[in-house]
Structures are given as C-alpha cells and as structure tokens.
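The following account leads the reader through one protein model, beginning with a single residue and moving outward. The sequence and the coordinates are shown first.

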Amino acid sequence: MKIESIELREIRMQLKSPFETSFGTTLNRRILLAEVVADGVRGWGEVTAGETPAYNSETTDTAWHVLSDFIAPKLIGKNLEKASDFPALVTPIRGHEMAKSGIENALWDIEAQSKGLPLWKLLGGTIEEIASGVSLGIRENPGSLVAKVEEELRSGYQRIKLKIKPGKDLEYVASVRKEFPKIRLSVDANSAYTLDDTAHLKKLDEYNLLMMEQPLSWDDIYAHSKLQAQIETAICLDECIHNTRQALTAIELKACRIINIKLGRVSGHTEARELQAVCHERNIPVWCGGMLESGIGRAHNIAMSTLPGFTLPGDVSASRRYWNEDIIEPAVEVTPKGTIQVPKSPGLGYVVKRELVDNLTVRRNKWSAQQAAH
Ligand code: OSB
Ligand code: MG
C-alpha cells in the first residue's frame with residue numbers, strides 16, 4: 001500500500017434538530033474527512049471529534065492540527081503492507097485517537113477494495129444484519145420525550161437510550177418506563193455525576209435499565225468501580241475507554257459490565273477489533289456508539305458492528321434521523337425490525353457523493369508523494 005496522496009477537508013453539516021447532552025447542545029457539525037489514495041485506490045475516513053473539547057479532549061481544530069502537522073507528513077509516501085500497520089507508525093504521537101482514526105479507517109477502506117472484499121468481511125465480521133438503537137437528546141419536558149420515544153419505536157428501533165443530567169433524570173426515565181414497561185431502555189450521563197450522587201443514581205435501579213452509560217468522570221475508571229459495587233444497574237463505559245489496556249483495567253476492577261466502542265475514541269478499526277475480542281473472551285458485551293457522524297463515519301460503524309462481540313444494539317441509526325441529505329449513496333436505512341442490512345460491495349459499501357462533499361467543504365489540505373519527495 002504505497003500512500004500516494006492524502007486529502008484532508010472540513011465539511012459543515014447542519015443536524016435536522018439540536019442534540020442536547022449533559023455537556024452541551026450541538027446543531028452545526030464541523031466534520032473532518034480524510035481521503036487517501038494508495039496504489040490507485042481511494043479510501044475515506046471520518047474524524048469524529050466534536051466542535052468543543054467537552055466529550056473528550058479532541059476538537060475539529062486539534063484534529064486538523066495534528067493531522068496536518070504530524071500524521072499526514074509522517075504517512076505520505078510510505079509503503080504499508082496493510083492498514084493494521086498504521087497504529088505503530090503513529091504510536092509516538094500521544095493521544096489524538098480521533099485524528100488517527102480518520103486516516104486509519106481510510107486505509108482499511110483501501111485494503112478492503114484492493115482485496116475485493118466488503119470492509120466488514122476484511123475485519124472478520126460475522127453479523128450480516130446489525131441491531132439498531134437510538135440515542136435521544138435531553139428534552140424540555142418528560143412528555144415530549146415520551147412522544148419522541150414512541151415515534152422511534154414505531155420506526156422499529158430495538159433499544160432506546162436517554163441522555164440524562166442532574167435535574168433531568170429520574171422524572172424523565174420514570175415517564176418513559178411507565179409508558180413503555182417492556183422496551184430495552186438505557187441512560188447516558190456523559191460524566192455528569194460524582195460518587196456523591198451514588199444514592200441518587202441508585203434510584204435508577206428500579207427502572208430495569210439495560211445499562212447506565214458513563215455516569216462519572218470521563219477519566220476515572222476507579223470511581224466507576226466504586227459505583228458499580230453499590231448499584232444493580234450495569235454500568236457501561238464510554239469516555240473512559242481509549243484502548244484495550246484500559247478496557248482490561250476496567251474489567252479487572254469491575255468498573256463496568258458493558259463497553260461502548262467508538263472507532264474514533266479507540267483510534268480506529270485495528271484497536272476496536274482487538275478491544276471487542278478481549279471483551280468477547282471475557283463475556284463483556286460491546287456495542288457501537290455514535291458521534292453524530294456523516295455517512296462515511298456511519299458506514300465504518302456499520303462495518304465494525306458486524307464483529308462477533310457486538311451483541312447489543314448500537315447507536316448506529318438511519319441517516320434520515322440526522323441529515324436532510326447524507327453524503328453517501330444509498331443513505332443508511334433501518335428496516336421495520338430495527339436492523340441495518342450490511343452492504344455487500346467491496347470497501348465501505350456506499351458511494352461518497354463527491355459533488356455534495358465539495359459543496360459542503362470549507363477548507364482543505366493535500367499531500368502527495370511526488371511533492372513530499374522534493
Ligand atoms: O455519549 O454516546 C455519546 C453524541 C455525541 C457525543 C457523545 C455521545 C453522543 C450520542 C449520539 O449519544 C449517538 C449518535 O446518535 O450518533
Ligand atoms: Mg456515551
């Protein structure tokens with residue numbers, strides 16, 4: 001895989017409606033896309049960093065900086081045997097997992113196309129129809145949340161996740177649970193609580209939740225082990241887990257019973273695959289999280305979700321829930337059973353709408369092997 005060119009671009013996309021979490025509200029996405037050409041084959045990856053450093057420490061701009069000044073110059077002109085050789089190349093760059101993931105995943109797309117395989121098959125996927133759930137933002141009142149849940153259930157979604165924060169938690173969960181006693185329901189606090197809230201969080205035990213995602217600090221696995229010992233609801237870690245080592249630490253400390261894997265957060269397909277394997281061996285279910293991705297990130301999420309450890313419905317849902325027009329063809333659709341059919345064609349399995357992507361682009365940067373040689 002001789003890396004001939006790397007093109008980085010920022011696109012702007014407006015969500016259909018604002019998405020509120022405990023750390024803030026998002027409407028206008030600033031998404032970085034990486035387009036890499038190797039041996040004449042073109043692959044795409046998405047950087048899933050947010051606009052602000054509120055979910056993790058990366059942002060659209062830190063990723064632009066690290067990709068432009070460190071990662072792209074290191075990779076251009078190199079000859080890799082396979083996509084999984086990329087992580088070793090960028091090990092000297094600490095952190096910046098989302099920046100790395102954007103490029104690494106483009107290499108996986110290239111490798112899959114070169115081998116004439118759908119990406120999910122190259123990764124070792126076994127699930128051809130993945131289970132889909134939705135993540136619902138915090139709303140103005142419990143009544144409007146119940147109405148939203150009803151709408152999503154009508155579309156077939158298999159699991160509903162509610163975003164919560166202090167003051168917008170128990171009452172909301174109670175209303176949804178009362179209306180829908182049987183559904184698979186979970187909550188995600190995005191680090192909004194502390195161990196001082198243990199008694200309060202314990203009250204959620206009575207609602208038969210599938211899990212409580214990342215209640216405590218974004219970087220504190222130990223605190224989650226203290227909480228898990230005192231509540232019945234299974235804790236799922238999101239923000240805390242950036243690699244397989246941290247997952248093993250969390251499992252060993254009994255800090256969680258479930259792990260959410262996000263490609264960007266764990267630096268790409270190579271690490272995600274290893275992480276899901278160690279969880280699978282230890283009977284820790286995993287599922288695919290979302291970062292309000294465009295179709296390119298979504299397609300990568302679908303491919304990852306086919307791995308055998310992904311036994312719970314993910315936050316990978318239909319393009320139409322986010323965008324008026326997605327940047328891939330066909331758009332991601334969900335069946336009435338709440339599943340996504342995995343594509344059969346080589347690589348990502350979706351076509352990037354280049355003209356639309358060009359129209360949405362606000363800045364770009366390009367490296368090519370010839371130039372780098374001078
Ligand atoms: O914690 O899972 C999260 C979105 C942005 C940042 C963090 C999270 C989320 C979501 C949305 O829950 C999932 C999606 O629909 O893409
Ligand atoms: Mg989360």
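In this predicted model, Ser-186 offers a convenient starting point. Apart from neighbours within four places in sequence, Ser-186 is in contact with Arg-159, Ile-160, Lys-161, Leu-162, Leu-210 and Met-211. One of these partners, Ile-160, is 26 residues from Ser-186 in sequence, yet the two C-alpha atoms are 6.4 Å apart in space. Ser-186 belongs to strand 7 and counts as buried, its relative accessibility being 1%.

Strand 7, which covers residues 185–188, also carries Asp-188, and this residue leads to the metal site. The magnesium ion (ligand 2) has as its protein donors Asp-188 (OD), Glu-213 (OE) and Asp-238 (OD), at 2.1 to 2.3 Å from the ion. Along the chain, these donors are spaced as D-x24-E-x24-D. Because Asp-188 lies in strand 7 and Glu-213 in strand 8 (residues 211–213), the pair ties together parts of the chain that are 25 residues apart in sequence. Are these two donors buried or exposed? Asp-188 has a relative accessible area of 1% and is therefore buried, the limit being under 20%. Glu-213, at 0% relative accessibility, is likewise counted as buried.

The aromatic side chains provide another view of the model, which holds two aromatic pairs. In one of them, Phe-23 and Tyr-55, the ring centres are 6.4 Å apart and the planes meet at 55°, so the pair is classed as tilted. Phe-23 is placed in the loop between strand 1 (3–21) and strand 2 (24–38), while Tyr-55 is in the loop between strand 3 (41–47) and helix 1 (60–75); the pair therefore ties together parts that are 32 residues apart in sequence. The two rings belong to residues with unlike surroundings: Phe-23 is partly exposed, with a relative accessible area of 33%, whereas Tyr-55 is buried at 7% relative accessibility.

Tyr-322 and Trp-323 also form a tilted aromatic pair, with 6.4 Å from centre to centre and 35° between the planes. Both Tyr-322 and Trp-323 are buried. A charged side chain accompanies this pair, since Arg-321 lies over the face of Tyr-322, 5.5 Å from the ring centre. A further arginine, Arg-363, lies over the face of Trp-64, at 4.0 Å from the ring centre.

Burial can also be followed along a whole element. Helix 11, residues 295–304, is mostly covered, and ten of its ten residues are buried. Among them are Arg-298, His-300 and Asn-301, together with Gly-295, Ile-296 and Met-304.

It remains to consider the chain as a whole. The chain contains 13 helices and 15 strands. Its radius of gyration is 20 Å, close to the 21 Å that the globule rule gives for 374 residues, so the chain is as compact as a globular protein of that length. The C-alpha trace spans about 65 × 40 × 35 Å along its principal axes. Of the 374 residues, 60% count as buried. The chain exposes about 15,000 Å², of which carbon and sulfur atoms supply 49%. Among contacts with a separation of 6 or more, 72% are made by residues 24 or more positions apart. The approach of Ser-186 to Ile-160, 26 residues apart in sequence, is an example of such a sequence separation.

Methods:
Residues are numbered from 1 along each chain as its sequence is written. Chains are lettered from A and ligands numbered from 1 in the order in which they are written. This is a predicted model: local features need pLDDT of at least 70, side-chain atom pairs count only at pLDDT 80 or more; totals for chains, interfaces and linings use all residues. Side-chain values use heavy atoms; hydrogens and water are left out. Rings of Phe, Tyr and Trp (its six-membered ring) pair if their centres lie within 6.5 Å; planes under 30 degrees apart count as stacked, over 60 as edge-to-face and the rest as tilted. Helices (H or I, at least four residues) and strands (E, at least two) are DSSP runs, numbered from the N terminus. Buried means under 20% relative accessible area, exposed over 50%, partly exposed in between (1.4 Å probe, protein chains only). A charge sits over a ring if NZ of Lys or CZ of Arg is within 6 Å of the ring centre and within 35 degrees of the ring normal. The radius of gyration is taken over C-alpha atoms; the globule rule is 2.2 Å times the number of residues to the power 0.38. Contact means heavy atoms within 4.5 Å. Accessible areas come from the Shrake-Rupley method with a 1.4 Å probe; for residues, only the protein chains shown count as cover. Donors are N, O and S atoms within 2.8 Å of the metal (3.2 Å for Na, K and Ca); water is not among the atoms, so sites may look incomplete.
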